[in-house]
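Welcome to the tour! Open your viewer, get your selection tool ready, and follow along stop by stop.

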Amino acid sequence: MADSKKGSAYGAPAGDTDFRKTWDLDEYAAKAKEREVKEKEEAKARYEAKLAGKKYHKPLTGDQTYTTARRNVIDLTAQVGKTQLVPAGAGVGKRGRSAGFYCEPCDLTFKDNKQFIEHLNTTQHLLNTGQTTEVKRATVEDVHERISYHIRRKEDLEKEKSTSLHERLQIRGEEREKELEERRQRRREEAEKKRKEKEDAAKVKTEYGEDVRVEGEHDEEDMMAQMGFTGFGSSKK
């Protein structure tokens with residue numbers, strides 16, 4: 001008699017839903033409880049900040065760094081001339097990604113570049129990007145090192161500028177020499193062509209005599225003869 005329970009290929013009992021992932025209910029219950037505690041603490045802190053007339057900011061975790069100047073160049077023209085697909089309700093408010101300048105750490109979209117630049121300097125953005133909104137106080141050694149860096153940078157730029165100028169002059173001289181050589185070559189080819197045509201005409205006359213008509217040589221005389229002119233000289237003697 002066959003067994004009523006279905007078995008897998010390896011002999012172990014199997015069910016219709018054994019392929020589904022099993023969840024640890026106790027673990028997720030603990031996570032939900034922890035999230036509720038954090039939300040209550042944040043709501044309380046927001047309420048206290050509102051009563052004090054201040055704006056609420058998330059507490060620091062200790063992993064933040066000092067606020068520093070931006071090293072990268074913000075390209076505000078990257079999306080010019082491009083087509084972008086946005087959700088149907090994306091044009092309402094700043095929350096979420098929509099058409100405009102999008103800030104990924106804060107999940108906000110701004111319609112013009114002025115608002116976007118101002119947002120990059122706000123406390124909200126600095127905290128979301130892991131900065132403390134405090135600037136590190138420079139020491140004497142830092143000042144000396146910075147001055148030395150600018151001196152070296154200036155010297156490198158001067159060297160690069162002089163090298164670039166020399167290279168540009170050299171390239172310009174090579175291009176000019178190339179243009180002159182091309183002109184000389186064209187003049188030599190034209191002179192050679194004319195010389196060959198004269199030699200061919202002289203050869204034809206030598207072989208067939210002076211009565212031979214070279215193409216194009218007597219066009220003006222033929223036209224005058226057709227019009228009945230014998231010449232443009234004066235009739236007075």
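Where is the place of Asp107? Select Asp107 and you will find this residue in the loop between β1 and β2. Before we look closer, a word on what is on your screen. This is a predicted model, in which local features need pLDDT of at least 70 and side-chain atom pairs count only at pLDDT 80 or more, while totals for chains, interfaces and linings use all residues. Residues are numbered from 1 along each chain as its sequence is written, and side-chain values use heavy atoms, with hydrogens and water left out.

**Stop 1: the whole chain**

Color the model by secondary structure. The protein chain has 5 helices and 2 strands; helices (H or I, at least four residues) and strands (E, at least two) are DSSP runs, numbered from the N terminus. Following the sequence, you meet them in the pattern α-β-β-α-α-α-α.

Now switch on the surface. The accessible surface of the protein chain is about 22,100 Å², and 52% of that belongs to carbon and sulfur atoms; such areas come from the Shrake-Rupley method with a 1.4 Å probe, and for residues only the protein chains shown count as cover. Of the 237 residues, 8% count as buried. Here, buried means under 20% relative accessible area, exposed means over 50%, and partly exposed is in between (1.4 Å probe, protein chains only).

**Stop 2: back to Asp107**

Asp107 counts as partly exposed because its relative accessible area is 30%. Check its backbone too: phi of Asp107 is near 55°, a positive value in a residue other than glycine.

**Stop 3: helix α2**

Select residues 113-120, which make up helix α2. Which residues of this helix are buried? They are Phe116, His119 and Leu120. They cover an arc of only 100° around the axis, so they sit on the same side of α2; the arc is that of the directions from the helix axis to the C-beta atoms. Next, show β1 (101-103), β2 (108-110) and α3 (123-128), because the buried residues of α2 pack against these elements, where contact means heavy atoms within 4.5 Å.

Zoom in on His119. At 5% relative accessibility, His119 counts as buried. Leaving aside neighbours within four places in sequence, its contacts are Cys103, Cys106, Leu108, Phe110, Gln124 and His125.

Then move to the N-terminal end of α2, which Asp112 caps. Draw a distance from a side-chain oxygen of Asp112 to the backbone nitrogen of Lys114, and you should read 3.1 Å.

**Stop 4: Asn128 in helix α3**

Select Asn128, which lies in helix α3. With a relative accessible area of 36%, this residue is partly exposed. Not counting residues up to four places away in sequence, Asn128 touches Pro105 and Cys106. Asn128 and Cys106 are 22 residues apart along the chain, yet their C-alpha atoms are separated by 6.5 Å.

**Stop 5: salt bridges along helix α4**

Side chains of opposite charge can pair when their charged atoms come close. A salt bridge is a side-chain nitrogen of Lys or Arg within 4 Å of a carboxyl oxygen of Asp or Glu. How many salt bridges does a search of the whole structure find? The search finds 9.

Show helix α4 (residues 140-208) and select Arg172 and Glu175, which are 3 residues apart and so separated by about one helical turn. Their side chains meet in a salt bridge (3.7 Å, N to O). Arg172 is partly exposed at 47%, and Glu175 is partly exposed at 42%.

Go on to Glu181 and Arg184, also a salt bridge (3.1 Å, N to O). Add Arg188 to the selection: Glu181, Arg184 and Arg188 are linked in a network of salt bridges.

The next pair to select is Glu192 and Arg195, whose closest N and O atoms are 2.3 Å apart. These two residues are 3 residues apart in helix α4, which means about one helical turn between them.

**Last stop: a surface patch**

Finally, select Trp23, Leu25 and Tyr28. Together they form a nonpolar patch on the surface, with about 390 Å² of accessible area. Patches are made of residues with over 30% relative accessible area and no salt bridge; like charges are joined within 9 Å, nonpolar side chains (Val, Leu, Ile, Met, Phe, Trp, Tyr) within 5 Å. Tyr28 is in helix α1 (residues 25-51), and at 40% relative accessibility Tyr28 counts as partly exposed.

Technical notes
A polar contact is a pair of N or O atoms within 3.5 Å; within protein, one must be able to donate a hydrogen and the other to accept it, and residues adjacent in sequence count only if both atoms are side-chain atoms.
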